[in-house]
Every structure is written in structure tokens, then in C-alpha cells.
Amino acid sequence: MRVIMMNDNFYRSSGAAIAIRRISEALSDVDYYVAGCDSGGLAEDLSWVPGGRFERFDLKSRNPIRVAREVLRFKQVFTRLQCDLVHCHHRRVSALLQLAGIPVLYTGQLTFPFQLWFRLLHPKRMTAVTPTVMQNLLETTGQKVLACIGNPAYFPQAPPSIELDRVKCKAVCVARLEPIKGHVHLLKAWKLLCARGYRYRLALVGEGPLRAQLEAQSLKDGTRDLIEFIGFTRDVASVISDSLFAILVSEREGQGIVTLEAAAMGRPSLLTSVPGSIDLLPPGRKLRNAIEFGNAIELADVLEEWFAHPGDVIRDGAEFFRYLKQLGDAKTIADEYRRMYQRVLGKATRADPSIV
């Protein structure tokens, strides 16, 4: 089986790009190629792609003639490589390829508002990473997805032990420094905690256009000595291991890779009550979670509660580990996608050669 893994870009800080890499690496018996569009000047990670197996197509150009030519070129490459399927994680690109008669399986990574073009042109073969993304696709397209298959993470057999005295006053937020991730509100909450007399520490892992603004905000708030801006790092695990819990207070999520990675290390995540994130909350948790996006006061109150009860945080971390291990195990997800590819191609062979 030969599959092209497709996304608009492979930004090294993108959860979708990380998921595509892990899916590709786990599918050891699938012959895969990788394709992208314009990187937009972002730092991409293509180190995992075998030599000669990546090609870029300008499918997001504003010039329709240019797009048409690139679609034709893609189709020629797809035919020359004798590929069976494109596994695409970008909805506009997947719609374009389907219009060209190219076999496409689209994986929805995020929720989107209703748009008529997607209602009319959505891919006919779709999966979703969480139940809320699945419901969003049904509501915006009128079509059920084939399956809900999450993003992969690597879980050990048991959660690692946690040195409570070393980490009890530390938390970590791993996210791109962009408005959608809610850092401005997180820093406001840290200012409130500081005003209440607490000296908790926060590690911010991530790169993005808001860094200078956020550093200035923390300096103005008087929390600069409590907040560490780590920037981009490939060793996220070591930062998580130096923290009691993780925080992801986004306005919109699909299925946060960082929440899975924190769970794999026995750390719970404090999340916002938004689609995608709410799917990752274990039913057996004890502490308050799923707070309102943008509510810095509520966020500060819940943070204060978590830091005040580290034993409960560790207990919730074990719940996150058990719950998400069954949802995000990399081998399990690879097996599910392998079966999905076979299902889609099997249906195409019998009834619909172009899968459109």
C-alpha cells in the first residue's frame, strides 16, 4: 500500500504535523510519501521524511491558474508514484484533490464554523480525531465520518513516579505563542496568584509571534521572575517531568498532543471547556477542570486549588494516564489507520474507483 501524507505545512510546533509524523513512523508496513504546500516562512521539521520522498505543491496560492496547474502536477506525481491514497489533514487541500479525482481520506483535526463551500465540496471519506470534531463534521457537512481515530502518543506501561517536593510549585504550558492558545489570560491569572501571595513557577514552552508581547506583559505584571520563556525545544518531556501538571487554555483545540504527552508522564492537564479538549477529560478526575476560555479569575482560582492539593493532582494524573493511554496509544492508532486505508481502498475497488 502506498500513501501520500498531506498537510499544508509541517511546522515543527504544529500538533497536526507531529501527529502525521508519528502515524507515518508507526505504519512501518505502509510505503509513504509526504507532501506539503507553502511553509509560510515557518520552521518545518522534515527530518523524519526519507530522502526523495517529500514534494511541495502550491495548493494555497491566491492565483487560481497557479492552483489548477499545481493540482495537475500533484495528480501526475500521484500517478507516477503509483500511489493508492492521499491521507490529508487540511480540509481545503483535501477538497481540491478530491475535485481532481484523486483518492482522499481527510482527517479532521479541528472544529470549524459552517461554510457553504465545505458543505458542498467536503471529502466523502473522513475521519475525526475526537468525538466533538466528529460531531462538528456531521453538522457542517451533513455526512457522518467513517471513524473517530485520535492522535498518537507514546505511553509507557505505567506512569512514572513523581518527585513531589521537586515539582509541587511548578506548572508547564506547551503551546504555540499565538492568540488562540490563551497565553494572555494565563499570564493574567499568574498575576492574580502573585497578588494573593503565591510564588508558583510557570514554564512556557513554545515559539510564535506573541513572545515579545507576553514577555513585556509578565515584566509589567511583576511576574517575570516566576515565568520562564523556554521557546522551542524538542525535549518537551524533560520540561513536563519538572512540573506538577500541564496547562492548555486554548480558545479552540482538536486533540492536544501536549495533553496526551503530559498524560503519558502521569501529569493531568488543566483545560478550557472547548471542543476537542473536553474529549480528553477522564471521567474519574477529582479536581475542577474545563474552565471558561478567557476567564482569568476562574483560571487563577482553579490554579490555586490545584497547587494547594498536589496529592489530588497526582491522583488525577494517574486518571489521565489510564484514560488517554487507551485513546492515544501510537500502535493502536496505527492499526486503526491501517484498517481504515484497507476499508477505503476496498470500497473504492468494488464501487467507486476514484473515491470521490
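Student: What is the strand order in the open sheet of 5 strands?

Tutor: Strands here are DSSP E runs of at least two residues, numbered from the N terminus, and two of them pair if DSSP finds at least two bridges between them. In this predicted model, the open sheet runs 10-9-8-11-12, with parallel pairing. A quick note on the ground rules: local features need pLDDT of at least 70, side-chain atom pairs count only at pLDDT 80 or more, and totals for chains, interfaces and linings use all residues. Residues are numbered from 1 along each chain as its sequence is written, and side-chain values use heavy atoms, leaving out hydrogens and water.

Student: Which strands stand at the edges?

Tutor: Strand 10 (227–231) and strand 12 (269–271); each has a single partner strand, so one side of each lacks a neighbour in the sheet.

Student: How many bridges join strand 8 to strand 11?

Tutor: The parallel strands 8 (residues 170–174) and 11 (residues 245–248) are joined by 2 bridges. Look at A171: its bridge partner in strand 11 is F245.

Student: Which helix packs on the sheet?

Tutor: Contact means heavy atoms within 4.5 Å. Angles run from 0 to 180 degrees between N-to-C directions, with axes fitted to C-alpha atoms, for helices over the stretch in contact. Helix 11 (residues 296–308) touches strand 8, strand 11 and strand 12, and its direction makes about 160° with that of strand 12.

Student: At what angle do helix 10 and helix 12 cross?

Tutor: Helices are H or I runs of at least four residues. The axes of helix 10 (residues 257–264) and helix 12 (residues 310–328) come within 8 Å and cross at roughly 120°. T259, L260, A263 and A264 of helix 10 meet F320, F321 and L324 of helix 12.
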